[in-house]
Amino acid sequence: MSPLNLSLNFDLHCHSNVSDGVLEPASLLERAAVQKVDVLALTDHDDVAGLDVARQHAQRLGIRFIDGVEISVSWRQQTLHVIGLNVGHRNVALLAGLAGIREGRKERAVRIAAQLAKVGITDALAGAWRHAGNTELIGRMHFARYLVAQGVCQDVQAVFNRYLTKGKPGYVSHQWADLRDVVEWIRLSGGRAVLAHPGRYPLNAGKMRTLLTEFCDAGGEAIEVATSNHTPEQRSNFAGLARRFNLMASRGSDFHSPEESWRELGRLPALPETCLPVWHDWNIV
Ligand code: AMP
Ligand code: MN
Ligand code: MN
Ligand code: MN
(Lines give C-alpha, C1' and ligand atoms only; values in the text may rest on other atoms or scores of the structure.)
(Ligands and ions follow the chains in the order given, each with its own letter.)
Protein backbone atom coordinates (compact mmCIF):
# COMPACT_ATOMS: atom_id res chain seq x y z
CA MET A 1 0.00 0.00 0.00
CA SER A 2 1.22 3.45 -0.75
CA PRO A 3 1.75 5.27 2.57
CA LEU A 4 -0.06 8.19 0.98
CA ASN A 5 -3.30 6.22 0.97
CA LEU A 6 -3.43 6.43 4.74
CA SER A 7 -4.00 10.12 4.83
CA LEU A 8 -6.35 10.46 1.87
CA ASN A 9 -10.01 11.33 2.26
CA PHE A 10 -11.93 8.48 0.61
CA ASP A 11 -15.65 8.79 -0.12
CA LEU A 12 -16.76 5.65 -1.93
CA HIS A 13 -20.54 6.10 -1.92
CA CYS A 14 -22.54 9.01 -3.32
CA HIS A 15 -25.28 9.83 -5.82
CA SER A 16 -25.78 12.20 -8.73
CA ASN A 17 -28.97 13.02 -10.60
CA VAL A 18 -28.31 10.00 -12.80
CA SER A 19 -30.10 8.23 -9.94
CA ASP A 20 -31.72 9.93 -6.95
CA GLY A 21 -29.15 12.57 -6.05
CA VAL A 22 -29.88 16.16 -7.05
CA LEU A 23 -26.52 17.34 -8.38
CA GLU A 24 -25.35 16.69 -11.89
CA PRO A 25 -22.07 14.76 -11.99
CA ALA A 26 -20.12 17.97 -12.72
CA SER A 27 -21.53 19.82 -9.69
CA LEU A 28 -21.07 16.75 -7.52
CA LEU A 29 -17.37 16.64 -8.38
CA GLU A 30 -17.04 20.36 -7.75
CA ARG A 31 -18.58 19.90 -4.33
CA ALA A 32 -16.26 16.98 -3.62
CA ALA A 33 -13.29 19.22 -4.40
CA VAL A 34 -14.56 21.90 -2.00
CA GLN A 35 -15.06 19.23 0.67
CA LYS A 36 -11.49 18.05 0.13
CA VAL A 37 -12.36 14.56 -1.02
CA ASP A 38 -9.23 12.96 -2.48
CA VAL A 39 -10.77 9.77 -3.87
CA LEU A 40 -14.42 9.65 -4.92
CA ALA A 41 -16.55 6.77 -6.19
CA LEU A 42 -19.80 7.75 -7.87
CA THR A 43 -22.27 4.97 -6.99
CA ASP A 44 -25.61 5.79 -8.57
CA HIS A 45 -28.45 3.33 -8.02
CA ASP A 46 -28.67 0.72 -10.78
CA ASP A 47 -27.04 2.85 -13.48
CA VAL A 48 -23.50 3.68 -14.63
CA ALA A 49 -24.48 6.42 -17.08
CA GLY A 50 -22.81 9.19 -15.04
CA LEU A 51 -19.36 7.67 -14.78
CA ASP A 52 -17.72 8.94 -17.95
CA VAL A 53 -18.64 12.58 -17.43
CA ALA A 54 -17.90 12.36 -13.69
CA ARG A 55 -14.42 11.03 -14.42
CA GLN A 56 -13.71 13.90 -16.81
CA HIS A 57 -14.58 16.44 -14.12
CA ALA A 58 -12.59 14.51 -11.51
CA GLN A 59 -9.53 14.73 -13.74
CA ARG A 60 -10.03 18.46 -14.23
CA LEU A 61 -10.29 18.96 -10.45
CA GLY A 62 -7.46 16.63 -9.39
CA ILE A 63 -9.74 14.08 -7.69
CA ARG A 64 -8.95 10.38 -8.07
CA PHE A 65 -12.09 8.76 -9.44
CA ILE A 66 -13.45 5.25 -8.95
CA ASP A 67 -16.15 3.78 -11.20
CA GLY A 68 -18.96 2.60 -8.94
CA VAL A 69 -22.60 1.58 -8.79
CA GLU A 70 -25.09 0.73 -6.02
CA ILE A 71 -27.25 -2.22 -7.00
CA SER A 72 -30.67 -3.11 -5.54
CA VAL A 73 -31.01 -6.68 -4.27
CA SER A 74 -33.78 -8.75 -2.71
CA TRP A 75 -32.54 -11.24 -0.13
CA ARG A 76 -35.12 -13.22 1.88
CA GLN A 77 -37.81 -10.48 1.74
CA GLN A 78 -35.24 -7.83 2.59
CA THR A 79 -34.02 -5.13 0.21
CA LEU A 80 -30.24 -4.80 0.32
CA HIS A 81 -27.84 -2.55 -1.52
CA VAL A 82 -24.58 -3.91 -2.90
CA ILE A 83 -21.96 -1.49 -4.16
CA GLY A 84 -19.59 -2.35 -6.96
CA LEU A 85 -16.25 -0.53 -6.89
CA ASN A 86 -13.92 -0.37 -9.88
CA VAL A 87 -16.62 -1.93 -12.01
CA GLY A 88 -16.07 -2.29 -15.73
CA HIS A 89 -18.91 -0.06 -16.78
CA ARG A 90 -19.01 -1.32 -20.33
CA ASN A 91 -19.29 -4.95 -19.28
CA VAL A 92 -22.24 -6.57 -21.07
CA ALA A 93 -23.40 -8.74 -18.14
CA LEU A 94 -23.36 -5.79 -15.76
CA LEU A 95 -25.12 -3.47 -18.20
CA ALA A 96 -27.81 -6.04 -18.97
CA GLY A 97 -28.39 -6.70 -15.27
CA LEU A 98 -28.74 -3.00 -14.50
CA ALA A 99 -31.06 -2.43 -17.47
CA GLY A 100 -33.33 -5.18 -16.13
CA ILE A 101 -33.48 -3.56 -12.70
CA ARG A 102 -34.32 -0.17 -14.24
CA GLU A 103 -37.21 -1.75 -16.18
CA GLY A 104 -38.44 -3.15 -12.87
CA ARG A 105 -38.24 0.33 -11.37
CA LYS A 106 -40.45 1.74 -14.15
CA GLU A 107 -43.05 -0.95 -13.57
CA ARG A 108 -42.89 -0.40 -9.78
CA ALA A 109 -43.36 3.35 -10.29
CA VAL A 110 -46.68 2.70 -12.04
CA ARG A 111 -47.81 0.68 -9.02
CA ILE A 112 -46.62 3.34 -6.56
CA ALA A 113 -48.55 6.01 -8.45
CA ALA A 114 -51.69 3.84 -8.43
CA GLN A 115 -51.40 3.43 -4.67
CA LEU A 116 -50.92 7.17 -4.16
CA ALA A 117 -53.95 7.89 -6.37
CA LYS A 118 -56.06 5.86 -3.93
CA VAL A 119 -55.25 8.36 -1.18
CA GLY A 120 -55.99 11.32 -3.41
CA ILE A 121 -52.52 12.15 -4.74
CA THR A 122 -52.96 12.50 -8.46
CA ASP A 123 -50.52 12.64 -11.37
CA ALA A 124 -47.73 11.24 -9.24
CA LEU A 125 -46.21 9.15 -12.03
CA ALA A 126 -45.69 12.09 -14.38
CA GLY A 127 -44.79 14.28 -11.42
CA ALA A 128 -42.11 11.91 -10.19
CA TRP A 129 -40.64 11.56 -13.69
CA ARG A 130 -40.35 15.36 -13.88
CA HIS A 131 -38.02 15.17 -10.88
CA ALA A 132 -35.85 12.49 -12.44
CA GLY A 133 -32.58 13.62 -14.04
CA ASN A 134 -32.33 10.43 -16.09
CA THR A 135 -35.13 9.25 -18.36
CA GLU A 136 -34.04 5.67 -17.61
CA LEU A 137 -34.22 5.72 -13.81
CA ILE A 138 -37.07 6.37 -11.40
CA GLY A 139 -37.10 5.80 -7.65
CA ARG A 140 -38.97 6.61 -4.49
CA MET A 141 -36.93 9.77 -3.97
CA HIS A 142 -38.43 11.26 -7.14
CA PHE A 143 -41.91 10.64 -5.78
CA ALA A 144 -40.82 12.16 -2.49
CA ARG A 145 -39.58 15.33 -4.19
CA TYR A 146 -42.81 15.60 -6.19
CA LEU A 147 -44.89 15.36 -3.00
CA VAL A 148 -42.78 18.04 -1.32
CA ALA A 149 -43.14 20.29 -4.39
CA GLN A 150 -46.91 19.74 -4.25
CA GLY A 151 -46.96 20.83 -0.63
CA VAL A 152 -48.16 17.43 0.58
CA CYS A 153 -45.23 17.17 3.02
CA GLN A 154 -42.57 19.52 4.34
CA ASP A 155 -39.56 17.42 3.38
CA VAL A 156 -38.62 14.14 1.76
CA GLN A 157 -38.07 12.46 5.11
CA ALA A 158 -41.70 13.16 6.02
CA VAL A 159 -42.87 11.72 2.68
CA PHE A 160 -40.98 8.50 3.35
CA ASN A 161 -42.39 8.29 6.85
CA ARG A 162 -45.97 8.95 5.80
CA TYR A 163 -46.23 7.43 2.33
CA LEU A 164 -43.29 5.46 1.01
CA THR A 165 -42.15 2.98 3.64
CA LYS A 166 -43.51 -0.46 4.47
CA GLY A 167 -47.12 -0.33 5.66
CA LYS A 168 -47.72 3.18 4.28
CA PRO A 169 -50.19 3.94 1.46
CA GLY A 170 -47.66 4.48 -1.33
CA TYR A 171 -45.46 1.51 -0.52
CA VAL A 172 -45.42 -1.48 -2.83
CA SER A 173 -43.27 -4.55 -2.46
CA HIS A 174 -40.85 -5.25 -5.26
CA GLN A 175 -38.56 -8.05 -6.37
CA TRP A 176 -35.06 -6.70 -7.01
CA ALA A 177 -32.11 -8.70 -8.33
CA ASP A 178 -30.71 -11.83 -6.74
CA LEU A 179 -27.71 -11.40 -4.41
CA ARG A 180 -25.62 -14.02 -6.21
CA ASP A 181 -26.35 -12.55 -9.63
CA VAL A 182 -25.44 -9.04 -8.53
CA VAL A 183 -22.13 -10.06 -7.00
CA GLU A 184 -21.39 -12.04 -10.14
CA TRP A 185 -22.09 -9.09 -12.46
CA ILE A 186 -19.78 -6.93 -10.38
CA ARG A 187 -17.02 -9.54 -10.38
CA LEU A 188 -17.39 -10.38 -14.07
CA SER A 189 -16.90 -6.69 -14.82
CA GLY A 190 -13.69 -6.66 -12.77
CA GLY A 191 -15.13 -4.91 -9.70
CA ARG A 192 -15.27 -5.60 -5.99
CA ALA A 193 -18.63 -6.14 -4.25
CA VAL A 194 -19.28 -4.19 -1.04
CA LEU A 195 -22.34 -4.59 1.19
CA ALA A 196 -23.71 -1.06 1.65
CA HIS A 197 -24.78 0.43 5.00
CA PRO A 198 -25.25 -2.88 6.85
CA GLY A 199 -26.55 -1.06 9.93
CA ARG A 200 -29.64 0.04 8.05
CA TYR A 201 -31.12 -3.42 7.61
CA PRO A 202 -33.55 -4.65 10.27
CA LEU A 203 -31.67 -7.93 10.83
CA ASN A 204 -30.84 -9.45 14.19
CA ALA A 205 -27.29 -10.64 14.90
CA GLY A 206 -27.97 -14.18 13.72
CA LYS A 207 -29.59 -13.08 10.46
CA MET A 208 -26.74 -10.64 9.85
CA ARG A 209 -24.25 -13.50 10.21
CA THR A 210 -26.30 -15.55 7.75
CA LEU A 211 -26.29 -12.65 5.31
CA LEU A 212 -22.54 -12.15 5.63
CA THR A 213 -21.93 -15.88 5.18
CA GLU A 214 -23.99 -15.89 1.98
CA PHE A 215 -22.45 -12.63 0.79
CA CYS A 216 -18.91 -14.03 1.20
CA ASP A 217 -19.96 -17.29 -0.40
CA ALA A 218 -21.30 -15.37 -3.41
CA GLY A 219 -17.94 -13.60 -3.79
CA GLY A 220 -18.59 -10.40 -1.82
CA GLU A 221 -15.36 -8.88 -0.54
CA ALA A 222 -16.12 -5.86 1.65
CA ILE A 223 -18.68 -4.08 3.82
CA GLU A 224 -19.22 -0.44 4.58
CA VAL A 225 -17.99 0.21 8.10
CA ALA A 226 -17.82 4.01 8.05
CA THR A 227 -21.06 5.44 6.63
CA SER A 228 -22.98 8.57 7.56
CA ASN A 229 -25.79 6.70 9.24
CA HIS A 230 -23.77 4.33 11.45
CA THR A 231 -23.49 5.10 15.16
CA PRO A 232 -20.03 4.65 16.75
CA GLU A 233 -21.30 1.34 18.20
CA GLN A 234 -22.38 0.14 14.76
CA ARG A 235 -19.04 1.18 13.35
CA SER A 236 -17.13 -0.95 15.82
CA ASN A 237 -19.64 -3.80 15.52
CA PHE A 238 -19.25 -3.94 11.75
CA ALA A 239 -15.48 -3.53 12.03
CA GLY A 240 -15.55 -6.66 14.21
CA LEU A 241 -17.76 -8.52 11.75
CA ALA A 242 -15.49 -7.49 8.88
CA ARG A 243 -12.53 -9.09 10.65
CA ARG A 244 -14.47 -12.16 11.58
CA PHE A 245 -15.68 -12.71 8.01
CA ASN A 246 -12.40 -11.67 6.45
CA LEU A 247 -14.06 -8.79 4.62
CA MET A 248 -12.39 -5.55 3.69
CA ALA A 249 -13.93 -2.31 4.96
CA SER A 250 -15.25 0.66 3.02
CA ARG A 251 -16.06 4.27 3.80
CA GLY A 252 -18.76 6.33 2.09
CA SER A 253 -21.09 9.21 2.87
CA ASP A 254 -24.13 8.19 0.77
CA PHE A 255 -24.47 11.87 -0.11
CA HIS A 256 -27.60 12.68 -2.17
CA SER A 257 -28.15 16.40 -1.96
CA PRO A 258 -26.94 19.54 -0.21
CA GLU A 259 -30.35 20.22 1.33
CA GLU A 260 -32.16 17.03 2.15
CA SER A 261 -29.97 15.77 4.98
CA TRP A 262 -26.91 16.55 7.04
CA ARG A 263 -24.79 14.07 5.12
CA GLU A 264 -21.87 15.70 3.39
CA LEU A 265 -19.35 14.44 0.89
CA GLY A 266 -16.17 13.22 2.55
CA ARG A 267 -17.35 14.24 6.01
CA LEU A 268 -17.38 11.03 8.05
CA PRO A 269 -15.25 9.13 10.53
CA ALA A 270 -12.12 7.23 9.59
CA LEU A 271 -12.13 3.45 9.41
CA PRO A 272 -11.20 1.79 12.70
CA GLU A 273 -7.55 0.74 12.68
CA THR A 274 -8.41 -2.95 12.84
CA CYS A 275 -9.98 -2.74 9.37
CA LEU A 276 -8.33 -3.64 6.11
CA PRO A 277 -9.44 -0.80 3.81
CA VAL A 278 -11.09 -1.85 0.56
CA TRP A 279 -8.58 0.46 -1.13
CA HIS A 280 -5.49 -1.12 0.50
CA ASP A 281 -4.24 -2.58 -2.79
CA TRP A 282 -5.33 0.22 -5.11
CA ASN A 283 -2.61 1.87 -7.03
CA ILE A 284 -3.39 5.51 -6.37
CA VAL A 285 -0.94 8.27 -5.74
P1 AMP B 1 -35.68 3.09 -4.09
O2 AMP B 1 -34.37 2.41 -4.41
O3 AMP B 1 -36.29 3.77 -5.26
O4 AMP B 1 -36.62 2.19 -3.36
O5 AMP B 1 -35.32 4.27 -3.10
C6 AMP B 1 -34.40 4.10 -2.07
C7 AMP B 1 -33.79 5.45 -1.79
O8 AMP B 1 -34.73 6.26 -1.12
C9 AMP B 1 -32.59 5.37 -0.88
O10 AMP B 1 -31.42 5.19 -1.62
C11 AMP B 1 -32.61 6.73 -0.25
O12 AMP B 1 -32.06 7.66 -1.14
C13 AMP B 1 -34.09 7.03 -0.12
N14 AMP B 1 -34.68 6.63 1.16
C15 AMP B 1 -35.04 5.39 1.55
N16 AMP B 1 -35.60 5.42 2.77
C17 AMP B 1 -35.59 6.69 3.14
C18 AMP B 1 -36.05 7.38 4.30
N19 AMP B 1 -36.64 6.74 5.31
N20 AMP B 1 -35.88 8.70 4.33
C21 AMP B 1 -35.30 9.37 3.31
N22 AMP B 1 -34.86 8.77 2.19
C23 AMP B 1 -35.01 7.46 2.11
MN1 MN C 1 -30.81 6.88 -2.85
MN1 MN D 1 -28.39 2.48 -0.26
MN1 MN E 1 -26.65 5.14 -1.64
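1. Start with the manganese ion (ligand 2): along the chain, its donors follow the spacing D-x24-H-x210-H. Here, donors are N, O and S atoms within 2.8 Å of the metal (3.2 Å for Na, K and Ca), and water is not among the atoms, so sites may look incomplete. His-45 sits in the loop between strand 2 (39–42) and helix 2 (51–61), while His-256 is in the segment after strand 8 (248–252), so this pair ties together parts that are 211 residues apart in sequence. Helices (H or I, at least four residues) and strands (E, at least two) are DSSP runs, numbered from the N terminus.

2. A quick word on what you're looking at: this is a predicted model, where local features need pLDDT of at least 70, side-chain atom pairs count only at pLDDT 80 or more, and totals for chains, interfaces and linings use all residues. Residues are numbered from 1 along each chain as its sequence is written, chains are lettered from A and ligands numbered from 1 in the order in which they are written, and side-chain values use heavy atoms, with hydrogens and water left out.

3. Back to the manganese ion (ligand 2). Its protein donors are Asp-20 (OD), Asp-20 (OD), His-45 (NE2) and His-256 (NE2), at 2.2 to 2.7 Å. The arrangement is irregular because the six donor atoms subtend angles of 52 to 156°. For six donors, octahedral would need opposite donors over 155 degrees apart and all others between 65 and 115.

4. Are His-45 and His-256 buried or exposed? Both are buried, meaning under 20% relative accessible area (exposed is over 50%, partly exposed in between; 1.4 Å probe, protein chains only).

5. Now ligand 1. Its surrounding residues include Asp-20, His-45, Gln-157 and His-256, each with a heavy atom within 4 Å of it. An oxygen atom of ligand 1 is 2.9 Å from a side-chain N or O atom of His-256. Taken alone, ligand 1 exposes 500 Å², and the protein buries 82% of that (areas by the Shrake-Rupley method with a 1.4 Å probe).

6. Don't skip the manganese ion (ligand 4), whose protein donors are His-13 (NE2), His-15 (NE2), Glu-70 (OE) and Asp-254 (OD), lying 2.1 to 2.2 Å away. His-13, in the loop between strand 1 (10–11) and helix 1 (25–34), and Glu-70, in strand 3 (residues 64–75), link parts of the chain 57 residues apart. His-13 counts as buried because its relative accessibility is 0%; Glu-70 does too, at 1%.

Definitions and conventions
Four donors count as tetrahedral if all angles lie between 85 and 135 degrees; four count as square planar and six as octahedral if opposite donors are over 155 degrees apart and all others between 65 and 115; anything else is irregular. A polar contact is a pair of N or O atoms within 3.5 Å; within protein, one must be able to donate a hydrogen and the other to accept it, and residues adjacent in sequence count only if both atoms are side-chain atoms.
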